[in-house]
Amino acid sequence: MLIVMNRDATEEQVNDVIRMITTCGYTAHPIPGGERVSIGVLYNKGAVDDALFRSMPGVKETIPVTKPYKLVSREFHPVDTIVRVGDVSIGGDALVIIGGPCAVESEAQVMAIAGHVKAAGGDILRGGAFKPRTSPYSFHGLGEEGLKILAKAKATFGLPIVTEVMDLSCFDMVEAYADIIQIGTRNMQNFSLLRRAGESKKPILLKRGMSATVDEWLMAAEYVMTEGNTNVILCERGVRTFVRHSRNTLDLSAVPVVKRLSHLPIIVDPSHATGYRDQVMPLARASAAVSAHGLMIEVHHAPETAKCDGGQSLLPDQFAVLCKQVRAIFEVSEGREL
Ligand code: PEP
Ligand code: MN
């Protein structure tokens, strides 16, 4: 339940409501707003008796929260969350473009690709230093050396970096280098990792589990938020279906659904969703058309030599064309004239 206070409610009235919530055995979560304070009720097992609160001085109304997730829900927090990373705002009124290789392979490779991402107008550089791979025989990333290469590219090109954390053992290290910490599809329900992410001061990019419903995905984000980290970015990256013509099936309907249910920003990764270069561009354009807040695209200057996901990586020229196209499409889909 959400308890909305009157605009002129005093601090004492707010504290009385918080005390009452605690007395009932629940946890109070005050949400300061522009005009008024709201107080969320957390950790209740069943329905909360709203009569207790409705009559308290300073209370405007009580709103039942119908979803199992609370902090993530728009019912609890009607205003869009904007995640700020350096000069980049994710969830605001500009489309954010993240580009870069699947994996950090070498300094020369990252520097070359980062230069292309920057020149094309990309906002954030991606690249995995710890790679979750289906086969134990595949390339698993350069580890800390890869993070250092990303840091160098950041210093050279002024692009914030997003990189994946695979497990608790490398969390502190990834956290020290990353501007945004990515939790991949395979870890979406790794609850200890989610809780650790919730303790971090860095924004978390939470990919949708490959077989996760929207509710399961939002519950995973709730784990992060209950630990205090409100800077969560959701990333649709395709789900497992029966089709064989693409690696996964991009669920673009998740974008408007998540926007209705949650205040968190949602971006789309058409690279992992499709697995094929020729499908990435049309689906990136489609993602901008459904008003996703951003895109994450794999880019490689020599994809035939890539250690990972070369076949789905765009060439730098394709990425540059795409950046222009998706920004124009996004303006139209947001109702702004070109
Ligand atoms: C990635 O973005 O590098 C990645 C491994 O993606 P996903 O977790 O969506 O497969
Ligand atoms: Mn990849």
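How many aromatic pairs does the count come to? In this predicted model, the count comes to 1 aromatic pair. A further ring contact involves a charge: Lys 307 places its charged end over the ring of Phe 139, at 5.3 Å from the ring centre.

The nonpolar packing can be followed from its largest core, which has 74 residues. Leu 206, Leu 234, Ile 297 and Phe 319 are the residues with the most contacts inside this core. Helix α7, spanning residues 214–226, gives the largest share, with 7 residues. Both domain 1 (2–63) and domain 2 (83–333) contribute residues to the core, so the core lies between the two domains. Another core lies apart from this one; it has 14 residues, including Val 83, Val 85, Val 88 and Val 162.

Phe 319 shows what such packing involves at the level of one residue. Leaving out residues up to four places away in sequence, Phe 319 touches Ile 97, Gly 99, Val 117, Ala 120, Ile 297, Val 299 and Leu 314.

The metal site comes next. The manganese ion (ligand 2) has as its protein donors Cys 102 through SG, His 272 through NE2, Glu 298 through OE and Asp 309 through OD, at 2.0 to 2.4 Å from the ion. Along the chain, the donors follow the spacing C-x169-H-x25-E-x10-D. Cys 102 sits in the loop between β7 (96–100) and α3 (107–119), while Glu 298 belongs to strand β14 (residues 294–298), so this pair ties together parts that are 196 residues apart in sequence. Cys 102 and Glu 298 are both buried.

Key:
Residues are numbered from 1 along each chain as its sequence is written. Chains are lettered from A and ligands numbered from 1 in the order in which they are written. This is a predicted model: local features need pLDDT of at least 70, side-chain atom pairs count only at pLDDT 80 or more; totals for chains, interfaces and linings use all residues. Side-chain values use heavy atoms; hydrogens and water are left out. A nonpolar core is a set of buried Ala, Val, Leu, Ile, Met, Phe, Trp, Tyr and Cys residues joined through side-chain atoms within 4.5 Å. Buried means under 20% relative accessible area, exposed over 50%, partly exposed in between (1.4 Å probe, protein chains only). Helices (H or I, at least four residues) and strands (E, at least two) are DSSP runs, numbered from the N terminus. Domain bounds come from an automatic or database domain assignment. Contact means heavy atoms within 4.5 Å. Rings of Phe, Tyr and Trp (its six-membered ring) pair if their centres lie within 6.5 Å; planes under 30 degrees apart count as stacked, over 60 as edge-to-face and the rest as tilted. A charge sits over a ring if NZ of Lys or CZ of Arg is within 6 Å of the ring centre and within 35 degrees of the ring normal. Donors are N, O and S atoms within 2.8 Å of the metal (3.2 Å for Na, K and Ca); water is not among the atoms, so sites may look incomplete.
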